[in-house]
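Biologist: Can you walk me through this one slowly? I keep meeting words that sound obvious until I ask what backs them up.

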Amino acid sequence: MTVAASHVPGSVQSRGKAHAVVIGSGFGGLAAAVRLAARGFRVTILEKLDAPGGRAYVHQRDGFSFDAGPTIITAPFLLEELWDLGGRRFADDVDLRLMDPFYRIRFDDGRVFDYSGDADKVKAQIAEYSPADVAGYDRFMAMSEKVFKVGFEDLGHVPFTNLTDMLRIVPDMAMLQSYRTVYGMVSSYIKDPFIRQVLSFHPLLIGGNPFTVTSIYVLISFLERKWGVHSAMGGTGAVVNGLVSLVEGQGTEIRYNAEVERILIQDGKATGVRLASGEEITADVVVSDVDPAITYGKLLAEHPRKRWTDRKIERSQFSNGLFVWYFGTKRQYPDVKHHTILLGPRYRELIQDIFKHKTLAEDFSLYLYRPTATDPSLAPEGCDAFYVLAPVPHLGGDTDWETQAEPYRARIARYLSDSILPGLEDQIATSLVTTPLDFKHRLNSHLGAGFSLEPTLMQSAWFRPHNKSEEVEHLYLVGAGTHPGAGVPGVISSARVLDRVVPDASTFV
Ligand SMILES: Cc1cc2nc3c(=O)[nH]c(=O)nc-3n(C[C@H](O)[C@H](O)[C@H](O)COP(=O)(O)OP(=O)(O)OC[C@H]3O[C@@H](n4cnc5c(N)ncnc54)[C@H](O)[C@@H]3O)c2cc1C
């Protein structure tokens, strides 16, 4: 079935507006839609799932509300900017709360560290662990600020479509020692092994291995201090719903259960998409928020590709997978913070198992989310909503999740029960497990990776799939696998780059 735009009420021609189709309603796709509509495009978002958000989908179960993915909101100005473009005020739609501490970090021996943006509080705790590292912390944060200024403020929104853009930044990268790893840079300022972990785990939040990822990612420490770590009342789902209402207010249509099967090409230009149902939708501009490995490997499978060939995709490195267990408890655990990181007995070795050996280890490090610490309405009265996340190998390893998911969940439940959620196994009210298989099949993520392409130096900036496709005219890419990379600030910034590479809507009509 072909539905030519000219035959659809309110279509390109009937409204006289250039038409942009956005594939996927993750944060990247929604942010792209806001920007394109603000620039005069008529926008249609096509989403494979039955609801928006992608990784930020919301699971509703037995009266509990579970954010599927992102929980830590940093750099809120990026969201405020989108709301401004949509003609509304962010604060009118979303109630963000500053977290204090940002996270509680619990070491395997039971000691805790409350990490926040308050330098004095952080230094007082460092002094307890390792007095000699207090001065090193100040020096590390000064370095983080320098990297932030270049890596986030100067480069986060550069298109990197030309090699010259890349060559131009080489002196800055050398000056900032970007050839070092995050762990290597932290270790040059800090001696204590625990404090090294506290200051170096951040890349794991966006799929990077602290022992191999470029030290550019130490910028996250300063970014968090500058703007804080926030959570939304109503959970991250409230931000997604706010974005949906923002784009709909701009006249954008979102179609759910609308899986794109092919990007249509004519004379080297994207001219629309074909859905799995067979329906064809024409467009002047196509923006893909889908994992670039799938955009190029599947949606453009039949199109000859110069750079992002199947071979290049197969040879690329993908981020780790994620095991996430969403559970509601019949009682509350008031001592548990909104965000807790539970570090296991091994650090470097565990990360090696995940990223290098791709084996599922017996031990784990966990991130535990308890949004009901801030917003009790996310669970029935007297109950708590949680999720616990473990970084695991992506599907390039040999873990059989069909058989391993339940034993792994049970091991995590036992660990939590023995550490900070006593009696957990008898308190479960509802439970849902997702593994890298869900990332592969539900979210169309290559190898079931949690964050698409790993953010290594050789897969960053110009080396990452460009926001303006290298393969096809009028095709643009946003989202975690493109520049600048994963994480909510990263994917919103990828949409920001579109303003620099998508021609004005008027050029199409
Ligand atoms: C468990 C977890 C926790 C995280 N925690 C944080 C955090 O606390 N803070 C933070 O900043 N970041 C966090 N992240 C990272 C962040 O969530 C992601 O980087 C970001 O949300 C990705 O957005 P995206 O737009 O790139 O892609 P996605 O959210 O994956 O959206 C892509 C969309 O495309 C749709 N799609 C795929 N194929 C098709 C097709 N063929 N046709 C139509 N639609 C299609 C998918 O269904 C999906 O909705 C977390 C990620 C995970 C998984």
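**Asking what backs up the words**

Modeller: Let's start at the ligand: a backbone N or O atom of phenylalanine 27 lies 3.5 Å from one of the ligand's oxygen atoms. Keep in mind that this is a predicted model.

Biologist: What makes the pair formed by arginine 55 and the ligand a polar contact?

Modeller: The cut-off is a pair of N or O atoms within 3.5 Å. A polar side-chain atom of arginine 55 is 2.7 Å from an oxygen atom of the ligand, so the pair passes. Alanine 480 has a backbone N or O atom 2.8 Å from a ligand oxygen. In total, 37 residues surround the ligand, and the closest are Glu47, Arg55, Asp289, Ala480 and Val488.

Biologist: Why is glutamate 470 called buried?

Modeller: Buried means under 20% relative accessible area. Glutamate 470 has 18%, so the word fits.

Biologist: Where does glutamate 470 lie, and what does it touch?

Modeller: Glutamate 470 is in the loop between helix H16 (436-441) and strand E20 (475-477). Leaving out residues up to four places away in sequence, it touches Tyr296, Lys306, Arg307, Trp308, Arg464 and Pro465. A polar atom of the glutamate 470 side chain also lies 3.4 Å from the backbone nitrogen of histidine 466.

Biologist: And glycine 396, why is that one called partly exposed?

Modeller: Exposed means over 50%, buried means under 20%, and partly exposed is in between. Glycine 396 has a relative accessible area of 48%, so it gets the in-between word. Glycine 396 lies in the loop between strand E18 (384-392) and helix H15 (401-419).

Biologist: Which residues does glycine 396 touch, not counting those up to four places away in sequence?

Modeller: Lys358 and Leu447. Lysine 358 is 38 residues apart from glycine 396 along the chain, yet their C-alpha atoms are separated by 7.2 Å.

Biologist: How do you know that helix H8 is largely enclosed by the rest of the structure?

Modeller: Count its buried residues: six of the eight in H8 (residues 182-189) are buried, so "largely enclosed" is fair. They are Val182, Tyr183, Met185, Val186, Ser187 and Tyr189. These buried residues pack against helix H6 (134-154), helix H9 (193-200) and helix H14 (348-357).

Biologist: Which residues touch the most other members of the largest nonpolar core?

Modeller: Phe27, Phe41, Val43, Ile105, Phe113, Leu199 and Val287, out of 122 residues in that core. The core draws at least three residues from each of domain 1 (19-57 + 69-97 + 231-316 + 453-507) and domain 2 (123-224). Apart from it lies another core of 26 residues, including Ala270, Ile281, Ile294 and Tyr296.

Biologist: What is valine 43 in contact with, neighbours within four places in sequence aside?

Modeller: Ala20, Val22, Ala33, Leu36, Ala37, Thr252 and Glu253.

Biologist: How do you know that domain 1 and domain 2 are in contact?

Modeller: Contact means heavy atoms within 4.5 Å. By that test, 24 residues of domain 1 are in contact with 24 residues of domain 2, so the word holds. The centres of the two domains, taken over C-alpha atoms, are separated by 28 Å.

Biologist: Last one: which residues does UniProt list for "domain: Amine oxidase"?

Modeller: The unreviewed UniProt entry lists residues 28-496. Over residues 28-496 the chain is 35% helix and 19% strand, with the end C-alpha atoms 9 Å apart.

Notes. Residues numbered from 1 in each chain as written. Predicted model: local features only at pLDDT ≥ 70, side-chain atom pairs only at ≥ 80, totals over all residues. Heavy atoms only, no water. UniProt positions renumbered as here; feature names shortened; annotations may be inferred. Helix = DSSP H or I, 4+ residues; strand = E, 2+ residues; numbered from the N terminus. Core = buried A, V, L, I, M, F, W, Y, C linked by side-chain atoms within 4.5 Å. Buried < 20%, exposed > 50% of the residue type's maximum accessible area, 1.4 Å probe, protein only. Domains from an automatic or database assignment. Near = heavy atom within 4 Å. Polar contact = N/O pair within 3.5 Å; in protein donor to acceptor, adjacent residues only side chain to side chain.
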